[in-house]
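Here's a quick briefing to read alongside the model. Have the viewer open and click through as you go.

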Amino acid sequence: MSTDSLSGPRIAAARGKLSTLDRFLPVWIITAMVAGLLLGRFVPGIAGALDSVKVANVSLPIAVGLLIMMYPVLAKVRYNETGTVLKDRKLLIASLVLNWLAAPALMFALAWIFLPDLPEYRTGLIVVGLARCIAMVMIWNDLACGDREAAAVLVFLNSVFQVLAFGALGWVYLQWLPNLLGLPTTSAEFSFWTITASVLVFLGIPLLAGYLTRTLGEEARGRQWYEERFLPRIGPWALYGLLFTITLLFALQGDEITSNPFDVARIALPLLAYFLIVFAAGMILGRFLNFGYARTTTLAFTAAGNNFELAIAVAIATFGVTSGQALAGVVGPLIEVPVLVALVYAALWARTRFFSATDAPIHPRIADPATTKV
């Protein structure tokens, strides 16, 4: 019997064993978005209250949500196995090309194609394109059965390049390239310390906590206890943190989003095209280079995702909290979250048709812990 003939029943059985939280994840995410929009629209002063205390130029409650979201995912990574990823030069080069050459150039082109008459929104989209994902991509990669160790390495690589290259690329895409093409230019005075602080807080803290938890937990109780008893207990908190963060993000600019639906729609179109094109490019490139399903999926998600927390922080710090640039940054997760959730299902569908059946389990949370690595 062929692998394809078995794939349907296996995926159906897998979905049946998922928890209620996992099975209806798109519903919970949409509910969190709506709740955030309603809070921002109808609760006076909530945006000011949320934004009154900041960490790395991001609202303290949002920062807490991001840390809660990131910690369980990074606690799952087998750090002693990341060395094999570093030896995969093809994967590292492919990631750098997609993240730092192809993706920003594509967002620049889409921003000018779709928003030639709206410079603030256009600039905001370009800033989003420069902010490579260092947070939520771990969630999408995990749900799609990607390679956790590879994701951790690629996220770290993106973080280093983010600190080194964000300001320079901002100047290239907002000043040098438009000037070269005879287009209007935009200020690109980004704060190096804003970027550095964002990376250190939203990746460094949970990464260190995850590493110490894995190392000390395995030393004290062994890998079997750690992966079969401890990880299942903390795993759901990643999604709780995700839903909490989404609610607060949309509460911050709920009034702007609901008051300007046509503008939001115009911003959404290039974002939708961007996510679909970059993800497809990552999957096709990984398949062409024979990375296997797990690392191909990781390559695609790390390229398609964007660090909208950093994009929002930079837009607010540079252009102001009520600017069109900041609004474009907030619209980013409005489109990114449901689209990437859909792409999780697309990746699992592609696995059964374009990759070997032995490349990855159907879902790490529902597979038999006695036979499957977590």
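A residue counts as buried under 20% relative accessible area, exposed over 50%, and partly exposed in between. Keep in mind that this is a predicted model. By that yardstick Tyr240, at 39% relative accessibility, lands in the partly exposed class because its value sits between the two cut-offs.

**The nonpolar patch on the surface**
- Tyr240 belongs to a nonpolar surface patch that also takes in Val53, Leu60, Val64, Ile68 and Trp237.
- Together, these residues have about 510 Å² of accessible area.
- Two helices, helix 5 (60-75) and helix 13 (236-252), each put at least two residues into the patch.
- Which helix gives the most to the nonpolar patch? That's helix 5, with three residues.
- Tyr240 itself sits in helix 13.

**The largest nonpolar core**
- Head inside and you'll find a largest nonpolar core of 118 residues, where Ile29, Trp140 and Phe301 touch the most other members.
- Helix 18 (residues 324-354) is the top contributor to this core, giving 16 residues.
- Pick Phe301 and skip its neighbours within four places in sequence: what is Phe301 in contact with? The list runs Val137, Trp140, Ala144, Phe279, Leu340, Leu343, Val344 and Ala347.
- So Trp140 turns up twice, once among the residues that touch the most other core members and once as a contact of Phe301.

**Positive phi without glycine**
- Cys145 isn't a glycine, yet its phi is positive, at about 65 degrees.
- You'll find Cys145 in the loop that links helix 9 (137-143) and helix 10 (148-180).
- Is Cys145 buried or exposed? Cys145 is buried, because its relative accessible area is 5%, and the cut-off for buried is under 20%.
- Asn290 is another non-glycine with a positive phi, this one about 60 degrees.
- Asn290 also sits in a loop, between helix 15 (261-288) and helix 16 (292-304).
- With 61% relative accessibility, Asn290 counts as exposed, since the cut-off for that class is over 50%.

**Cysteines and disulfides**
- How many disulfides does a search of the whole structure find? Zero.
- For background, a disulfide is a covalent bond that joins the sulfur atoms of two cysteines.
- Cys133 is buried, as its relative accessible area is just 1%.

Notes:
Residues are numbered from 1 along each chain as its sequence is written. This is a predicted model: local features need pLDDT of at least 70, side-chain atom pairs count only at pLDDT 80 or more; totals for chains, interfaces and linings use all residues. Side-chain values use heavy atoms; hydrogens and water are left out. Patches are made of residues with over 30% relative accessible area and no salt bridge: like charges are joined within 9 Å, nonpolar side chains (Val, Leu, Ile, Met, Phe, Trp, Tyr) within 5 Å. Accessible areas come from the Shrake-Rupley method with a 1.4 Å probe; for residues, only the protein chains shown count as cover. A salt bridge is a side-chain nitrogen of Lys or Arg within 4 Å of a carboxyl oxygen of Asp or Glu. Helices (H or I, at least four residues) and strands (E, at least two) are DSSP runs, numbered from the N terminus. Buried means under 20% relative accessible area, exposed over 50%, partly exposed in between (1.4 Å probe, protein chains only). A disulfide is a pair of cysteine sulfur atoms within 2.5 Å. A nonpolar core is a set of buried Ala, Val, Leu, Ile, Met, Phe, Trp, Tyr and Cys residues joined through side-chain atoms within 4.5 Å. Contact means heavy atoms within 4.5 Å.
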